[in-house]
Amino acid sequence: MAVPQRPQSFQLALPKLASAVGSPFGAKNDPLKQNLQGKKVYTSDKDVDAAEDEAIESDLSVFADAPPETSESDVEDVDSEVFNLEANSKLSFLDSCSERGSVAEETVEEVEEARKKSEEEEAAAKEKADQRHQLAIEELVQSERNYLRMLQVSTVTIRSNLQKLQPPPAHLDSMFLYIDDVISVSGRLLSLLDQKKVQPGDPQFLEALCDSFLSLSSDIEAAYKEYLANYNNVTTMENSYKQKKALWNDIVKVIKTSAPDINATSLSFFLVMPMQRMARYPLLLQTIKRHTDPAHPAYALLETTAHTAIALNCHINEYKRFREVADKYKKTETLTIKDKINRLNSHSIAKKTARLSQHFKHGTGIAPKLVDEEFDALEGLFSVLEHGILELLENVEMYLHHLQGFLSCKTEEFDLDMDGEKEAICYKEITTALRQWILPTFEKRMRTLIFKPLCALRDLLVGPRNLIRKRLDKLLDYEVIEAKSSLSYEEQDVANTYKTINTLLLNELPQFNGLALQMIWSHLGTFSCLHKDLASDMEQLFQGFAQQLPHSPLSPREFWEWAESAVLEGAKKLETVCRNVEDTLNAPFVQPLSPSSQRRLKQLTDKHGSGNIYQVMSAVVSSRDLDLNLARGELVAIITKVDTRGDKRRWLVDAGGRRGYVPCAKLILYHQPTEDPPPSPHLHQAEDMGGVRRHSYTPESRPMTAMNLPYFQVLAAYDFTARGNHEVSLRAGEQVRVLEAHDKRGNREWSLVEASGGQRGYVPSNYLTIMPAETWQPSHFQPNF
């Protein structure tokens, strides 16, 4: 504030001389008293002299205006009066000058006192304004520290104590969602002020405060807008806690115990503080501005800070409004037919009719469609990402399903008939380690790192998809009212809703698409890393058993040559097995015949020949004229393989007297079973063994009979030592009975025999030989197979 300058000259009150018309000596018209009472002020001595001359001239002008016709006596009288007047005027002028001097001295003293008083008042006002300015700044800083302390009490102390309740309140973390970001930004604001090393009394503190607030404005907006947008969920959750009386009593007890110096009885006492604080920033800054001198160096920066605080509140309110619209329209409602019917009314029917009409106008080209290329590009990318996420999730789910099926097969528990062999032991240990350790760990990591995040991402797709659909509906409503010059309240609400949803999608959809694409790439990278770790664990496991395998001494080249030959040989065997299975599956269909069917078969064979006999595979029901009704298994004879219209799918058949058409797809050529060939005189399976045995041998099983050949006997050609319970030891030349010429898998390299002592078990087939009776000489034996 500028200091008032000292006046260069004092002011005097000068008398105004009266004219000659009035009485100059009367008390009523005394010019000196009139001037003193009027307090007319003159600033210098020159002004005083000019005033005196003006007064004299005014007195003399009276005489200049006198009438010209006068007598000599009148002239003499006038001369005498003029003389007397001049004398009296000089005397009064001298008196007035003496009085003026005393009045001037008194006026100077009054002016000096007024100046001193004004300076004192201005200094007091300035000191008071400085105090208010200082108090406003201290209030902002101190209230920020108290605010941060209260948030830390609610987040650290109360939250941790509530988590110790048994059981803890459901969805407790959602109550304190985003509050950590608010605490962080408030702490950073105070930290920046402390780093400046200036105190609130320092003139530079205001500049430091404004700089700190402006530098964190974007972080403040990001933290508070998410918290305030989620505050409705906080109140909803607290109301759900209050409905459970016992739980709410425990929560209140924890709050009072954790913060005994604070008279708080609910969580909302603390959680509402960020909302109050954000609205208080503009008020505090405006208060500081009101008590700050415009000449202060940081005044312009303070104005910018106050406007920024107001803009932050506007942005947060707008974001909260967008979130409320999004929460309203992104929900998926599961409505029954009854609920949908109950919602029908004249307004909804008219709205849906208008939308359908607008669709028809777009399709027929009657009305143009509003096109937003930016939104169309974002919506197209979202559709691609949605399809990719759903397909990836489906593939991962199927992968885990097959992995679970593999783990459920406990192959190491199967009896491989190879007990004691290194290959079997290594296989069982490797399979056990894979099924019990490596693969379960891999599956757990797969579900945690890929499957569950993908499921969460799939759930997040519902909200944007519903908003996109709702935008399309609102766009149709907006197109109807767009051309109108004036809108009603409801029409304006429709337009505002469409613009809000469109703006929200244009702002949020790019961020969602970017994060979704980033998550997809991250999941694919994680999938590759998990398989790399799986391969590393399996390689480490196999290296421990590789040295025990018979082919471990081979060089890499020799090993791969052996592996290639083994794979080719196994492929050939597998091909043979597949061919046999295919031949078995494609074997002709044979249906047992009843006595009546056998008689019909003889009748049809004699009439049409055996090559034209077919059997019905499934029941035939007539659907046209001249069609036959046949049961499954009936025999028919083919007359022609085409109907009268040339349709080769309907054949004309003879069903033993009845003739008609039958679909050829339900007929199969009938093959008459042939008699069994005569038994071979060589070593083979007993006749009562209906097929290849598929069960392990047990001592309790029914003894099997071997064919007794009158002129041949089975002997052991070499000594054989059993290596397990399922094998039997033999001596060279010992006679045995062959029960099965193969093992339980049909492998003829092993045979199930009964030794002379009654013991049964498997022996190698090439250790046995067939010799005529009484011609065996062990020393000259040459094996035949």
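**Exercise 1: the second largest pocket**

Work out which helix gives the largest share of the lining of the second largest pocket in this predicted model.

*Solution.*
Step 1. Start with the space itself: the second largest pocket has a volume of about 840 Å³.
Step 2. Look at what surrounds it. The lining is made of 23 residues, and K330, L460, P464, E508 and F512 are the ones nearest the pocket's centre.
Step 3. List the helices that each bring at least two lining residues: α7, α12, α16 (422–460), α17 (462–481) and α18 (489–546).
Step 4. Pick the winner. That's α18, with nine residues, the largest share of this lining.
Step 5. Sort the lining by class, and you get 14 nonpolar, seven charged and two polar residues.

**Exercise 2: two helices that cross**

Describe how helix α7 passes helix α12, and say which residues make the contact.

*Solution.*
Step 1. Find the helices: α7 covers residues 217–229 and α12 covers residues 299–329.
Step 2. Check the geometry. Their axes come within 9 Å and cross at roughly 35°, and the crossing is right-handed.
Step 3. Now go through the contact. On the α7 side you'll find S217, I220, E221, Y224, K225, E226, L228 and A229, while α12 brings T308, L312, H315, I316, Y319, K320 and R323.
Step 4. Split the contact residues by class: seven are nonpolar, five charged and three polar.
Step 5. Zoom in on one of them, E221, which sits in α7. Setting aside neighbours within four places in sequence, E221 is in contact with L312, H315 and I316.
Step 6. Try a distance too: E221 and M278 are 57 residues apart in sequence, but their C-alpha atoms are 9.4 Å apart in space.

**Exercise 3: Y231, buried or exposed?**

Decide whether Y231 is buried or exposed, then find what it touches.

*Solution.*
Step 1. Locate Y231: it lies in helix α8, residues 231–242.
Step 2. Compare its relative accessible area with the cut-off. Y231 has 10%, and buried means under 20%, so Y231 is buried.
Step 3. Name its contacts. Not counting residues up to four places away in sequence, Y231 touches S268, L271, V272 and M275.
Step 4. Add a distance along the way: Y231 and K320 are 89 residues apart along the chain, and 9.9 Å separates their C-alpha atoms.

**Exercise 4: a cavity**

Find out what lines the second largest cavity.

*Solution.*
Step 1. Count first: there are two cavities of 30 Å³ or more.
Step 2. The second largest cavity holds about 40 Å³ of space.
Step 3. Its lining consists of L140, L209, C210, F213, Y281, L285 and T305.
Step 4. Assign these to helices. α6 (205–215) and α11 (273–290) each give at least two of them, and α6 has the largest share with three.
Step 5. Class by class, six are nonpolar, one is polar and none is charged.

**Exercise 5: unusual backbone spots**

Explain why the backbone stands out at P167, H171 and Y178.

*Solution.*
Step 1. Recall the usual pattern: most residues other than glycine have a negative phi, and most peptide bonds are trans.
Step 2. Test the bond from Q166 to P167. That one is cis, with omega near -10°, and P167 is in the loop between α3 (72–163) and α4 (172–175).
Step 3. Move on to H171, in the loop between α3 and α4. Its phi is positive, about 55°, though H171 isn't a glycine.
Step 4. Finish with Y178, in the loop between α4 and α5 (179–195). Y178 isn't glycine either, and its phi is near 70°.
Step 5. Check accessibility: H171 is exposed at 58% relative accessible area, whereas Y178 is partly exposed at 30%.

Technical notes: Residues are numbered from 1 along each chain as its sequence is written. This is a predicted model: local features need pLDDT of at least 70, side-chain atom pairs count only at pLDDT 80 or more; totals for chains, interfaces and linings use all residues. Side-chain values use heavy atoms; hydrogens and water are left out. On a 1 Å grid over the protein atoms alone, a cavity is a set of points where a 1.4 Å probe fits but cannot get out, and a pocket is an open set with protein on both sides within 12 Å along at least five of seven lines; lining residues have an atom within 4 Å of a point. Grid points are joined across faces, edges and corners, and a volume is the space filled by probe spheres set on the points. Helices (H or I, at least four residues) and strands (E, at least two) are DSSP runs, numbered from the N terminus. Ala, Val, Leu, Ile, Met, Phe, Trp, Tyr, Cys and Pro count as nonpolar, Asp, Glu, Lys and Arg as charged, and the others, Gly among them, as polar. Buried means under 20% relative accessible area, exposed over 50%, partly exposed in between (1.4 Å probe, protein chains only). Contact means heavy atoms within 4.5 Å. Axes are lines fitted to C-alpha atoms, for helices over the stretch in contact, and angles run from 0 to 180 degrees between N-to-C directions. A crossing is left-handed if the near helix is turned anticlockwise from the far one by less than a right angle, and right-handed if clockwise.
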